[in-house]
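Trainee: Please take me through this model one question at a time, with the cut-offs given as we meet them.

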Amino acid sequence: MDSSAASVSMKHLVSASLLRDAKANRLEESLAELRGASKLWQGKQQHKATLARIERSGEAKPQVEAGGARGLTPGRLENWVAEPEGLTCVMLTEALRGSGVLGKDHTVKGIASHVLEAGAGYLSKILIIDSVDYDGEDVPAGAPAKLVVKFGTKFPPSQAVAQFMGLYKTEGSFYLEAAHRINVRMPLCYGVAVSEDGAETMIVMENINQPDLYGGDQVKGCTVTEAKLVLLELAKFHAYSFGRCQERGMDWAPPFDAPHIGPQQAKMFADGLKKVEGICPPHLYDDEARELVALIAQYTVEEHVHRCMQGPQVVGHGDLRLDNVFFQREQGAAEPHGLVMYDFQILNRGGVLVALHDLTYFVGGNMDT
């Protein structure tokens, strides 16, 4: 792909103030946090009271309208299993009622499904529900015609990795606490369960295998339009939490300096910077960008991890690549106009450099020219 057409400049990715602060070996607070703690607390209490009333009456929960987000408020599943073989229609009914898309007069009475065999090294097992049959008249328009249920792996080495890194707890917390409030399209989530020890999970979510969506391909790479869409959505994803992780309820995200995150991410970042330097033409990768990259390259892994924790906090995706994106394209169109972002197991929280990590990881790993 032609990077000059993408107009992705390192100068625009890192502000001049960040460069100045990096040169001085410090990253200072540069954004005043918008607290509103009292208002936020009152809103949460009102929402809890509303949900309690709805539970008593058996009504369907209202959909959440937050910053244009397309989401629902998922429920925490009480009745769940750790493997697809044990899933029942009762469990699915409870999940859909808990998120508000089904009322007390409707139930799931049957499904057609198959397990997506991902292989021993994968960290999740996916049940694809190709069709859902409901009992009751006038089924609500929001009731899904198909679903995906995500389970944890039972392959012992992979399960141990997922448990150690807290992958299931991270993704579960994201869907419960934040996903429905972020103005980025991602699979709707209807219910979440994670075991106490973090070794097992079950997440009921939207099936995004739709005619107008197609999956990205990291091996094939992406077009200019696809790259622009990814980077614009990434900016919106970062903007939600930037400087407001605690206020926005995202302080549960693992810190970047956790031993299972920082060192690995630092090495990936260094590799990504080298690739970006080789991809970008001179008018995009300017002297200021080179100076910044040279400065960062001098850091040891420990120094890099430390600096990534400085400054206003932001939550990064941690694994943004084409294989974790579906593009939306109208029938007959040559290029997509939207996308769906998914897979939130490696989210991490740190300073502004964490956002740059996501960008460098995507550009360095998914673009060749």
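**Pocket lining and salt bridges**

Trainee: By class, how many nonpolar, polar and charged residues has the lining of the largest pocket?

Mentor: The lining of the largest pocket in this predicted model divides by class into 19 nonpolar, ten polar and eight charged residues. A pocket is an open set of 1 Å grid points, over the protein atoms alone, where a 1.4 Å probe fits, with protein on both sides within 12 Å along at least five of seven lines, and lining residues have an atom within 4 Å of a point. Asp, Glu, Lys and Arg count as charged, Gly as polar, and the counts again are 19, ten and eight.

Trainee: Which residues do salt bridges that share partners join into one network?

Mentor: Of the eight salt bridges in the structure (a side-chain nitrogen of Lys or Arg within 4 Å of a carboxyl oxygen of Asp or Glu), one brings the side chains of Asp319 and Arg321 together at 2.9 Å, N to O. Arg321 also meets Asp323, at 3.4 Å. The shared partner thus gives one network of Asp319, Arg321 and Asp323.

Trainee: Is Asp323 buried, partly exposed or exposed?

Mentor: Asp319 and Arg321 are both buried, that is, under 20% relative accessible area, whereas over 50% is exposed and in between partly exposed (1.4 Å probe, protein chains only). Because its relative accessible area is 32%, Asp323 is partly exposed.

Trainee: Which residue forms a salt bridge with Arg290?

Mentor: Arg290 counts as partly exposed at 34% relative accessibility, while its partner counts as exposed at 61%. The closest N and O atoms are 3.4 Å apart, and the partner is Asp287.

Notes
Residues are numbered from 1 along each chain as its sequence is written. This is a predicted model: local features need pLDDT of at least 70, side-chain atom pairs count only at pLDDT 80 or more; totals for chains, interfaces and linings use all residues. Side-chain values use heavy atoms; hydrogens and water are left out.
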